[in-house]
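Colleague: Before I rely on any of the labels attached to this model, I would like to hear how each of them was arrived at. Could you take me through the reasoning?

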Amino acid sequence: MSEVDQILAVISAREAGETAVAPPGEGPGYWAGGPSVVCDDGVFWLAYRLRRPVDMGRGYANLVARSEDGVHFRPVATLTSDQFECASLERPALVRTNEGWRVYVSCSSWGSKHWWVEALDADAPEDLANGKRTVVLPGDDAVAWKDVVVNNTSGSWQMWACRHPLDGGDEQADRMTSWYATSADGLRWDLQGEALAPTPGSWDERGARITSVLEIGGRCTAFYDGRASAVENWRERTAVAYGCGPDRFTATSDPTPPGHTARYLSVATRPDGYRLYWEASRPDGANDLRTAYVPRPVSPSQS
């Protein structure tokens with residue numbers, strides 16, 4: 001079984017792994033999830049979203065937390081929807097910069113399906129709630145942006161952003177594609193084009209949202225969320241797509257099983273394997289943030 005197959009098999013299993021962050025309540029609408037992980041100098045830093053039911057505030061906070069073992073986290077910074085004067089917060093993206101730390105925050109406009117993305121910069125993760133703010137993807141009347149994935153490698157900035165078209169009205173605004181962008185500083189972005197699109201007539205024909213991009217087995221690999229219809233909004237499943245480069249991916253795998261939400265997969269690459277973080281549904285209707293470790297396969301020459 002390949003490394004990618006192992007990862008998908010783990011998050012496909014109900015109650016797989018361990019709970020890293022529990023939801024803020026029990027029952028439908030209470031979620032802990034939307035993780036973004038950075039492993040820096042042996043320490044795991046995790047940014048994630050907490051959500052209540054729609055009539056109680058939706059996505060009310062993004063938290064940044066620290067862990068030495070990758071399982072047990074201690075929050076060090078809290079960003080709230082009140083702080084951004086927005087209706088809701090969605091998945092954050094945490095990144096190490098040359099000067100310090102940055103978190104990208106997805107913000108929902110009041111009374112609208114519009115979303116925009118801001119970046120906050122600080123010297124340390126503990127200071128991100130009061131970091132310097134910059135709007136990086138403002139969106140407009142026709143487009144909403146959210147749920148970005150950002151890589152900063154040797155000063156080369158790459159982004160995969162979830163694009164929601166607004167020109168079809170509110171009933172069509174859940175549709176999603178993933179777009180690729182580049183930047184010299186991670187603040188001013190040049191959109192290069194669509195990196196992953198839904199597959200007509202398939203399980204992901206309503207939307208395809210990239211959640212992680214990394215190299216596995218020498219291939220540019222993207223894990224992504226998908227759904228077949230608007231009814232499956234918030235109940236996405238995870239699959240994998242491959243690309244010759246970071247700007248265009250092709251879906252190649254079957255998704256995780258139906259009836260079980262598994263989305264927003266974020267992967268920390270370790271020397272001997274992968275530490276996974278994803279949002280998964282519970283029997284009571286809530287979602288929790290789960291983690292599991294997947295070791296690298298041992299080659300015959302190593303055995």
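**Labels and their grounds**

Modeller: S266 stands opposite Y277 in β20, and this is a predicted model, so everything below is computed from predicted coordinates.

Colleague: What makes β19 and strand β20 a pair?

Modeller: Two strands pair if at least two bridges are found between them, and seven bridges join β19 to strand β20 (residues 273-281), so the condition is met, with the strands running antiparallel. A hairpin of two residues provides the connection from β19 to β20.

Colleague: Why is strand β19 described as largely enclosed?

Modeller: Seven of the nine residues in strand β19 (residues 262-270) are buried, and it is therefore largely enclosed by the rest of the structure.

Colleague: How do you know that R296 and E3 form a salt bridge?

Modeller: The closest N and O atoms of R296 and E3 are 3.4 Å apart, and the cut-off is within 4 Å, so the pair qualifies as a salt bridge. R296 belongs to the segment after β21 (287-295) and E3 to helix α1 (residues 3-12), which means that the contact ties together parts 293 residues apart in sequence.

Colleague: Why is E3 called buried, while R296 is called partly exposed?

Modeller: Buried means under 20% relative accessible area and exposed means over 50%, with partly exposed in between. E3 has 17% relative accessibility and therefore counts as buried, whereas R296, with a relative accessible area of 30%, is partly exposed.

Colleague: What makes the contact between E236 and R227 a salt bridge, and are these residues buried or exposed?

Modeller: The N to O distance between the side chains of E236 and R227 is 2.3 Å, which is within 4 Å, so the contact is a salt bridge. E236 has a relative accessible area of 0% and is buried, and R227, at 2% relative accessibility, also counts as buried. Both residues belong to one network, joined by salt bridges that share partners, and its members include R49, E90, D225 and R263.

Colleague: Which residue forms a salt bridge with D147, and on what grounds?

Modeller: The partner is K146, with the closest N and O atoms 2.9 Å apart, so the criterion of within 4 Å is satisfied. D147 and K146 are buried. The structure holds 21 salt bridges.

Colleague: Finally, why is F44 called buried?

Modeller: F44, which is found in strand β3 (residues 43-51), has a relative accessible area of 7%, and because buried means under 20%, the label follows.

Technical notes: Residues numbered from 1 in each chain as written. Predicted model: local features only at pLDDT ≥ 70, side-chain atom pairs only at ≥ 80, totals over all residues. Heavy atoms only, no water. Helix = DSSP H or I, 4+ residues; strand = E, 2+ residues; numbered from the N terminus. Buried < 20%, exposed > 50% of the residue type's maximum accessible area, 1.4 Å probe, protein only.
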